[in-house]
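Work through these exercises with the model open beside you. Try each task before reading its solution.

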Amino acid sequence: MEDVLAERLSRVSKFDLPSIPCSIPLECHPEFSRISEVTDAWAIRMLGITDPYERQKAIQARFGLLTALATPRGESSKLEVASKHFWTFFVLDDIAETDFGEEEGQKAADILLEVAEGSYVFSEKEKQKNPSYAMFEEVMSSFRSLMDPPLFARYMTCLKNFLDSVVEEASLRFAKSIPSLEKYQLLRRETVFVEASGGIMCEFCMDLKLDKGVVESPEFVAFVKAVENEAEILQLQKKVMKMGVETGNKDLVEYATWYPCFASGHLRWSYVTGRYHGLDNPLLNGEPFHGTWFLHPEVTLMLPFGSKCGDHPWIARS
């Protein structure tokens with residue numbers, strides 16, 4: 001089945017990217033440029049990147065901007081940690097998609113959980129062999145010291161769900177089994193790490209205190225899970241905000257106000273990252289785009305062509 005799908009895809013000569021509207025407000029943290037510079041430099045150092053081309057790939061991925069769009073308010077020092085978190089998990093995701101077999105994936109997942117909770121420390125040999133392990137260890141140490149214990153416990157639950165889904169995807173690849181659309185959507189929800197990278201980072205960076213009764217309420221749970229459905233998240237936002245106002249819970253009101261930005265921010269980042277569209281792509285002018293992609297073995301053309309990168313603050317750095 002996998003071979004049949006690959007053969008069909010190889011015959012695709014063009015595809016259309018439709019316009020994807022989003023009415024959720026788009027915001028960006030005012031210190032995004034500094035956050036990006038600091039965390040990009042950290043990742044480049046941790047990964048031992050010296051090749052100029054690889055350095056450009058790292059910078060134009062714009063993971064710092066993703067953090068600033070997904071969590072546009074909060075303490076800049078905590079957003080740096082959140083940006084390192086994004087960086088780490090994109091690197092781990094790349095490794096999982098290429099290097100993990102079924103058994104290797106489960107073993108790695110078990111070790112990462114132990115490292116996250118602080119019961120296992122990577123050896124220097126392990127970190128030299130896989131620099132992303134050193135990145136992961138540093139980020140988890142920061143979370144354990146900076147997050148309130150209940151919030152970190154919730155993060156650990158999200159992390160386990162993420163790793164379980166990564167292992168399941170590896171198992172499916174190993175078996176050359178293509179999941180149903182419904183199954184893929186469930187797996188993708190976990191591997192995108194929405195609740196942790198969106199909801200928990202919002203609480204963490206903004207120093208919001210939400211008690212157990214709030215985070216386990218049906219309205220809150222539904223709100224967090226609805227992030228990929230614009231109409232649903234806007235409807236639930238009103239309910240959660242009303243709940244916060246009626247109970248005098250200002251932190252819940254703040255959460256309801258800013259958490260949806262994860263959806264609009266992640267969408268906009270998808271239009272400006274070189275990770276998805278290649279280095280120095282003139283189409284990446286800071287704004288959404290849509291059109292027809294013409295595929296060719298030597299060059300890919302996109303119509304309409306994007307205007308050249310100008311002085312848009314999100315893409316001025318190279």
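**Exercise 1. Find what packs around Thr-88 and place the residue in the fold.**

Step 1. Leaving out residues up to four places away in sequence, Thr-88 touches Trp-42, Ser-132, Met-135, Phe-136 and Val-139. Contact here means heavy atoms within 4.5 Å.

Step 2. Thr-88 sits in helix α5, residues 76-99. Helices are DSSP runs of H or I with at least four residues, strands are runs of E with at least two, and both are numbered from the N terminus.

Step 3. Thr-88 has 0% relative accessibility and counts as buried. The classes are buried (under 20% relative accessible area), exposed (over 50%) and partly exposed (in between), using a 1.4 Å probe and protein chains only.

Step 4. Now compare sequence and space. Thr-88 and Ala-43 are 45 residues apart in sequence, yet their C-alpha atoms are 8.2 Å apart.

A note on the model: it is predicted, local features need pLDDT of at least 70, side-chain atom pairs count only at pLDDT 80 or more, and totals for chains, interfaces and linings use all residues. Residues are numbered from 1 along each chain as its sequence is written, and side-chain values use heavy atoms, with hydrogens and water left out.

**Exercise 2. Trace the salt bridge of Asp-94.**

Step 1. Apply the rule: a side-chain nitrogen of Lys or Arg within 4 Å of a carboxyl oxygen of Asp or Glu. The count comes to 18 salt bridges.

Step 2. Asp-94 pairs with Arg-275, and their closest N and O atoms are 2.8 Å apart.

Step 3. Asp-94 lies in helix α5 and Arg-275 in helix α17 (residues 274-277), so this pair ties together parts 181 residues apart in sequence.

Step 4. Check accessibility. Asp-94 is partly exposed at 34%. Arg-275 is partly exposed at 31%.

**Exercise 3. Which side chain meets Arg-154 in a salt bridge?**

Step 1. The partner is Glu-203, at 2.7 Å from N to O.

Step 2. The pair links distant parts of the chain: Arg-154 is in helix α9 and Glu-203 is in helix α11, 49 residues apart.

Step 3. Glu-203 is buried, with a relative accessible area of 2%.

Step 4. Look at another acidic residue of α9. Glu-169 lies in this helix, which spans residues 149-174. Glu-169 is buried at 16% relative accessible area. Leaving out residues up to four places away in sequence, Glu-169 touches Leu-187 and Thr-191.

**Exercise 4. Describe Asp-207: its backbone, its place and its partners.**

Step 1. Asp-207 is not a glycine, yet its phi is positive, near 55 degrees.

Step 2. Asp-207 is in the loop between α11 (194-206) and α12 (212-215). Its relative accessibility is 35%, which counts as partly exposed.

Step 3. The side chain of Asp-207 meets that of Lys-209 in a salt bridge, 3.0 Å from N to O. Lys-209 is partly exposed at 43%.

Step 4. Widen the view. Asp-207 and Lys-209 belong to a network of salt bridges that also links Glu-75, Lys-78 and Asp-148.

Step 5. Set Arg-62 beside it. Arg-62 also has a positive phi without being a glycine, about 60 degrees. Arg-62 is in the loop between α3 (52-60) and α4 (63-70). Arg-62 is buried, at 8% relative accessible area.

**Exercise 5. Which residues of helix α15 are buried, and what covers them?**

Step 1. In α15 (residues 250-258) the buried residues are Leu-252, Tyr-255, Ala-256 and Trp-258.

Step 2. Their cover includes α11, α12, α13 (218-225), α14 (230-247) and α16 (261-270).

Step 3. Inspect the N-terminal end of α15. Asn-249 caps it, with a side-chain oxygen 3.3 Å from the backbone nitrogen of Asp-251.

**Exercise 6. Characterise the interface of domain 1 and domain 2.**

Step 1. Set the bounds. The domain assignment (automatic or from a database) gives domain 1 as 1-19 + 290-317 and domain 2 as 27-209 + 268-277. The contact takes 8 residues from domain 1 and 15 residues from domain 2.

Step 2. The buried area is about 1,200 Å², with 65% from carbon and sulfur atoms. Buried area is the accessible area (1.4 Å probe) that two parts lose on being put together, summed over both.

Step 3. Search for salt bridges across this interface: the rule finds 0.

How values were computed. Polar contact = N/O pair within 3.5 Å; in protein donor to acceptor, adjacent residues only side chain to side chain.
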